[in-house]
Amino acid sequence: MAMETQTPETIVPPTTIPPLLTPYKMGAFELEHRVVLAPLTRQRSYGNVPQPHGAVYYAQRATRGGLLITEATGVSDTAQGYTDTPGVWTPDQVAAWRPIVDAVHAKGAVFFCQLWHVGRVSTTALQPGGAAPISSTDRAVAPQLSFDGHLEKFSPPRRLEAREIPAIVDDFRRAARNALLAGFDGVEVHGANGYLIEQFLKDSANDRDDEYGGSLENRCRFALEVVRAVAGEVGPGRVGVRLSPFTDYMDCHDSDPEALAGYLVRSLSDVGVLYCHMIEPRMAIVDGRRQIPHRLRPFREAFRGTFIAAGGYDRAEGDKVVEEGYTDLVAYGRLFLANPDLPRRFRLPDAPLNKYDRTTFYTSDPVIGYTDYPFLADADADK
């Protein structure tokens with residue numbers, strides 16, 4: 001009797017999902033991928049009020065289950081250091097944010113508002129009544145060379161008295177409440193990049209000799225008072241914090257960034273905040289190539305919530321750090337700015353990336369360099 005032969009079935013290899021495109025549960029939020037829109041100052045909120053074109057910009061970058069973080073948003077009229085940056089301290093600002101938040105939610109994304117106070121990174125021209133900017137110190141920021149080659153100058157600040165600090169903490173608390181009234185899913189406290197909170201944190205800028213200066217614990221007091229107040233207002237499960245312990249921006253650096261970051265992330269874990277968003281040190285030159293230093297692991301291991309890494313990542317490096325457990329999510333700034341469909345491009349291995357135009361980062365145009373970057377199909381059509 002002849003034996004039957006069986007034609008082998010065609011074996012289809014399983015589709016490999018890039019680590020960045022795998023789902024993740026962030027507290028109560030179900031994310032469908034790990035590509036985060038980093039907070040990016042855009043200066044298109046005329047008179048510090050969000051504009052309708054903001055809804056186009058953010059909705060372009062929203063995907064189902066994606067996490068977006070707004071540009072830095074002022075908590076009070078003393079918080080401003082740049083023209084046309086948004087705020088969330090007035091009813092008009094809250095009302096203007098609502099349609100922007102609605103447009104993002106209509107795409108199924110999660111939207112957090114970054115709360116900001118610039119401190120001494122300001123001028124009297126931007127302060128109410130022409131007053132001096134407030135800070136941890138009365139020392140001014142040295143003039144800074146901007147990306148387009150002109151010299152930015154800042155006004156000498158006024159050192160906050162200890163009795164005034166609770167009112168600034170309360171500004172953050174009220175701004176967090178307003179953000180949720182505008183419909184945001186949560187808030188991110190901006191404790192990075194040389195602004196007010198970091199002016200208290202880092203010993204190059206904090207020269208105080210009271211309970212807010214000197215020791216590591218004292219220098220962290222203001223930051224933690226802000227975070228606790230915000231968490232008490234909206235719940236810790238709706239609060240993230242951004243830190244940049246290794247940066248030297250706006251004359252703000254620390255003599256022991258590892259100790260500073262370690263103390264902060266342990267304290268933030270104790271508060272129970274949802275996530276810690278930390279910026280990598282500046283890229284190093286290794287064997288002739290620019291490489292990310294990858295020095296955040298100790299803080300990722302010390303923090304009990306979701307960890308977000310930022311700072312120069314591309315797709316390959318993002319996949320690598322997620323796969324290795326170095327971070328849970330990766331925040332992208334310039335790449336996401338120039339590629340509104342960045343998660344889709346990352347899903348397609350050979351998809352090209354638009355190049356960003358640095359000269360349009362901070363212009364006031366509501367379209368150019370803002371909502372006119374092409375989507376993938378548009379880019380393909382232009383070839």
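Gln114 is buried, since its relative accessible area is just 1%; buried here means under 20% relative accessible area, exposed means over 50%, and partly exposed is in between, using a 1.4 Å probe and protein chains only. Gln114 sits in strand β6, residues 110-116. Helices (H or I, at least four residues) and strands (E, at least two) are DSSP runs, numbered from the N terminus. Before going further: this is a predicted model, where local features need pLDDT of at least 70, side-chain atom pairs count only at pLDDT 80 or more, and totals for chains, interfaces and linings use all residues. Residues are numbered from 1 along each chain as its sequence is written, and side-chain values use heavy atoms, with hydrogens and water left out.

What does Gln114 touch, not counting residues up to four places away in sequence? The list runs Pro39, Ile69, Thr70, Glu71, Ala72, Thr73, Glu188, His190 and Arg242, where a contact means heavy atoms within 4.5 Å.

Arg242 belongs to a stretch worth a look in its own right: strand β12 covers residues 239-243 and holds Gly240. Gly240 counts as buried, because its relative accessibility is 0%. Leaving aside neighbours within four places in sequence, Gly240 is in contact with Phe112, Val187, Glu188, Val189 and Tyr275. Glu188 turns up among the contacts of Gln114 and among those of Gly240. For a sense of distance, the C-alpha atoms of Gly240 and Ala338 are separated by 25 Å, with their positions 98 residues apart along the chain.

Now for two loop residues with positive phi that aren't glycines. Gln43 is in the loop between β3 (35-37) and α1 (52-60), and Met250 is in the loop between β12 and α7 (257-271). Here they are with their backbone angles and burial.

| Residue | Phi | Relative accessibility |
|---|---|---|
| Gln43 | near 55° | 11%, buried |
| Met250 | about 55° | 3%, buried |

Further along the chain comes helix α9, residues 315-323, whose buried residues are Gly318, Asp319, Val321 and Val322. As a reminder, an α-helix has 3.6 residues a turn, so residues three or four places apart point the same way. Which strand do the buried residues of α9 pack against? They pack against β17 (329-332). At the start of α9, a side-chain oxygen of Asp314 comes to within 3.3 Å of the backbone nitrogen of Ala316. Just after α9, Gly325 has a positive phi of about 80°.

Stepping back to the whole chain, the protein has 12 helices and 17 strands. Of its 383 residues, 54% count as buried. Among contacts with a separation of 6 or more, 71% come from residues 24 or more positions apart. The radius of gyration, taken over C-alpha atoms with a globule rule of 2.2 Å times the number of residues to the power 0.38, is 22 Å, which agrees with the value near 21 Å for a compact globule of 383 residues. The C-alpha trace spans about 100 × 45 × 40 Å along its principal axes.

On the outside, the accessible surface comes to about 16700 Å², and 52% of it belongs to carbon and sulfur atoms; areas come from the Shrake-Rupley method with a 1.4 Å probe, and for residues only the protein chains shown count as cover.

Terms used
A polar contact is a pair of N or O atoms within 3.5 Å; within protein, one must be able to donate a hydrogen and the other to accept it, and residues adjacent in sequence count only if both atoms are side-chain atoms.
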